[in-house]
Amino acid sequence: MRVHVSSCLKVQEQMANCPKFVPVVPTSQPIPSNIPNRSTFTCPYCGARNLDQQELVKHCVESHRSDPNRVVCPICSAMPWGDPSYKSANFLQHLLHRHKFSYDTFVDYSIDEEAAFQAALALSLSEN
């Protein structure tokens, strides 16, 4: 199914036109608008949309292996510390080395960099 979805133009067109968030049932809660999307990304080379982190890596390796253009990493630029103007000299190597895991597993987005550093330091000291 994934192979079909990744190659079928009709499916890709339909997915591109899907709304990002639609409540299943009416709710009195406002739809959050200030939360960045850190789960799906757009290919910086061709604009393919709705790729999760693993799909983005696979797509770029399969479709853009020989593209020499410097591009901004959409995963990094979605992070609080990301620089949306920084273009990787070797984007494919960057993807393969920096994005082997999902940040959601290891990062608490609600704390700043200094607090994260202190928490990591405290945890490393407590393990010894």
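This briefing walks through the nonpolar core, an aromatic pair and a surface patch. The model is a predicted one, so please read every value here as computed from it. A good place to start is the core, where Cys43, Tyr45, Leu56, Cys60, Ile75, Phe91 and Leu95 touch the most other members.

**The nonpolar core**
- The largest nonpolar core has 17 residues.
- At least two of its residues come from each of helix 3 (53-63), helix 4 (74-77) and helix 5 (91-98).
- Helix 3 is the top contributor, giving four residues to this core.
- Leaving aside residues up to four places away in sequence, Leu95 touches Leu56, Val57, Cys60, Ile75 and Lys100.
- As general background, nonpolar side chains tend to be buried together in soluble globular proteins.

**The aromatic pair**
- The structure has one aromatic pair.
- Tyr45 and Phe91 make this pair, with an edge-to-face arrangement: 5.8 Å centre to centre and 70 degrees between the planes.
- Because Tyr45 sits in the loop between helix 2 (9-16) and helix 3 while Phe91 belongs to helix 5, the pair ties together parts that are 46 residues apart in sequence.
- Tyr45 and Phe91 are both buried.

**The surface patch**
- Turning to the outside, Phe117, Leu121 and Leu125 make a nonpolar surface patch of about 310 Å².
- Leu121, one of these residues, is found in helix 7 (residues 113-126).
- Leu121 has 38% relative accessibility, so this residue counts as partly exposed.

Notes. Residues numbered from 1 in each chain as written. Predicted model: local features only at pLDDT ≥ 70, side-chain atom pairs only at ≥ 80, totals over all residues. Heavy atoms only, no water. Patch = residues over 30% accessible without salt bridge, like charges linked within 9 Å, V, L, I, M, F, W, Y side chains within 5 Å. Areas by Shrake-Rupley, 256 points an atom, 1.4 Å probe, with all protein chains shown as cover. Salt bridge = Lys/Arg side-chain N within 4 Å of Asp/Glu carboxyl O. Buried < 20%, exposed > 50% of the residue type's maximum accessible area, 1.4 Å probe, protein only. Core = buried A, V, L, I, M, F, W, Y, C linked by side-chain atoms within 4.5 Å. Contact = heavy atoms within 4.5 Å. Phe/Tyr/Trp six-rings, centres within 6.5 Å; stacked < 30°, edge-to-face > 60°.
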